[in-house]
Amino acid sequence: MLNIPPDILTRFDALLTKRAVLSNQHNFYKKWLRYYLDFCGKYLHPDSSSKSLTQFLGKLREKKQTEPQVRQAAHAVSLYLDLNSIIKAASTPAAAQDRGSAAETATAAPHQTSSDPRGQSLSAVPPACVSSVADASWDGAITDMVAIIKTKHYSPKTLKSYCHWMRKFRGFRNDREHSSLTSEDVKAFLSHLAVKCNVSASSQNQAFNALLFFFRHVLRKDFGEIRDVVRAKRRPYIPVVLSRHEVDTIIRHLYPPYDLVVKLLYGCGLRLFECLTLRVQQFQFRRRSTHHPRRKGQEGPNGSAAAEDHA
């Protein structure tokens with residue numbers, strides 16, 4: 001969980017007091033702000049955008065948070081967004097008037113009070129903070145991608161992973177118009193995953209495949225050959241191989257019938273499912289072997305795959 005930067009935490013505490021948030025609620029407000037910052041860092045959303053707030057509230061509802069808790073979280077984050085506006089206004093005097101009026105509009109509505117099931121006083125969030133501000137063009141593009149994936153009968157896991165990477169890519173590009181995306185955006189995103197996010201090589205490849213699918217089938221253009229991308233390092237895979245002594249030690253500590261299963265797995269090289277589905281007629285006791293009609297190997301007399309293992 002990310003910690004709130006000390007300077008922001010000090011300003012946020014002062015703003016809670018100024019906005020008359022009850023003192024016994026301050027820790028809850030800071031907790032929601034930490035969750036929000038962690039959410040933005042994890043899913044690559046800009047923490048100063050009201051669109052990120054909408055997505056954060058949706059995530060809370062997915063996690064089965066109660067509506068009073070969601071309202072309290074929304075109010076906490078809206079105060080943080082107001083704080084960002086105040087800080088930016090102070091750093092850019094020319095834009096102070098516009099941003100100040102936007103902050104006043106966001107906080108002008110009176111906050112109604114409701115109660116949490118735990119008996120805590122909650123401040124209702126202004127309606128502007130919970131309204132959907134999603135980019136319709138991006139939503140339409142992702143909807144098109146989902147329809148194409150379903151038409152091509154890709155697996156549900158592929159659909160889920162592709163949508164996941166497109167949401168991250170959308171956040172990385174700060175909701176920029178999707179029709180203006182180029183191969184440079186793709187290269188920057190893939191390099192970001194490797195350098196900043198430390199993803200595995202397989203995750204980076206999965207993100208690349210999702211972007212390739214989106215460009216080809218939704219945007220109807222190809223981003224060409226991708227070069228000069230920082231590649232995620234493949235972690236060395238060292239298989240674990242037990243010695244004969246270690247195998248004997250394991251078997252000695254097993255009880256029937258589990259010891260028999262393990263002996264067959266080790267002695268015949270069977271898969272677990274193959275071992276558990278063995279039938280007595282598949283044993284050749286005189287030859288000390290087993291016959292597996294379901295295994296890929298020699299073709300049996302009836303044309304089915306068959307193989308023999310000697311115990």
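**Salt bridges and helix packing in a predicted model**

Arginine 61 and glutamate 67 are joined by a salt bridge, in which the closest N and O atoms lie 3.1 Å apart. The model described here is a predicted one. Both partners of this pair sit in the middle category of accessibility: arginine 61 is partly exposed because its relative accessibility is 39%, and glutamate 67 is likewise partly exposed because its value is 38%.

This pair belongs to a wider set, as the count of salt bridges comes to 8. Another of them is formed by the side chains of arginine 173 and aspartate 185, with an N to O distance of 2.8 Å. Here the partners come from distant parts of the chain, 12 residues apart: arginine 173 belongs to the loop between α8 (156-172) and α9 (183-195), while aspartate 185 is in helix α9 itself. Aspartate 185 has a relative accessibility of 5%, so this residue counts as buried.

Helix α9 also holds a salt bridge between lysine 187 and glutamate 184, whose side chains meet at 3.1 Å, N to O. These two residues are 3 apart in helix α9, which means that about one helical turn separates them. How do the two ends of this bridge fare, buried or partly exposed? Lysine 187 is buried, because its relative accessibility of 19% falls under the 20% limit. Glutamate 184, by contrast, reaches 49% and so counts as partly exposed, the exposed class being reserved for values over 50%.

It helps to place these details within the whole chain. The protein contains 13 helices and 6 strands. It has 311 residues, of which 38% count as buried. Of the contacts between residues at least 6 apart in sequence, 55% join residues that are at least 24 apart.

Packing between helices can be followed in two examples. A pair of packed helices is described by the angle between the axes and by the distance between them. For helix α1 (residues 6-18) and helix α2 (residues 26-43), the axes come within 11 Å and cross at roughly 135°. The two helices are therefore oblique to each other, since an angle has to be over 145 degrees to count as roughly antiparallel. The crossing of α1 past α2 is right-handed. On the α1 side, the residues involved are Leu9, Phe12, Asp13, Leu16 and Thr17, and they meet His26, Tyr29, Lys30 and Leu33 of α2. By type, the residues of this contact comprise 5 nonpolar, 2 polar and 2 charged.

The second example brings together α8 and α10, whose axes are 9 Å apart and whose packing angle is about 85°. This pair is therefore roughly perpendicular. From α8 come Ser161, Tyr162, Trp165, Met166 and Phe169, and from α10 come Ser203, Gln206, Ala207, Asn209, Ala210, Leu211, Phe213 and Phe214. The contact of α8 with α10 consists of 9 nonpolar and 4 polar residues, with no charged ones.

Helix α10, which spans residues 201-218, also includes arginine 216. With a relative accessible area of 44%, arginine 216 is partly exposed. Leaving aside residues up to four places away in sequence, arginine 216 touches Lys221 and Asp222.

Notes:
Residues numbered from 1 in each chain as written. Predicted model: local features only at pLDDT ≥ 70, side-chain atom pairs only at ≥ 80, totals over all residues. Heavy atoms only, no water. Axes fitted to C-alpha atoms, helices over the stretch in contact; angles between N-to-C directions. Helix = DSSP H or I, 4+ residues; strand = E, 2+ residues; numbered from the N terminus. Parallel < 35°, antiparallel > 145°, perpendicular 65-115°, else oblique. Left-handed = near helix turned anticlockwise from the far one by under 90°. Contact = heavy atoms within 4.5 Å. Nonpolar A, V, L, I, M, F, W, Y, C, P; charged D, E, K, R; others polar. Salt bridge = Lys/Arg side-chain N within 4 Å of Asp/Glu carboxyl O. Buried < 20%, exposed > 50% of the residue type's maximum accessible area, 1.4 Å probe, protein only.
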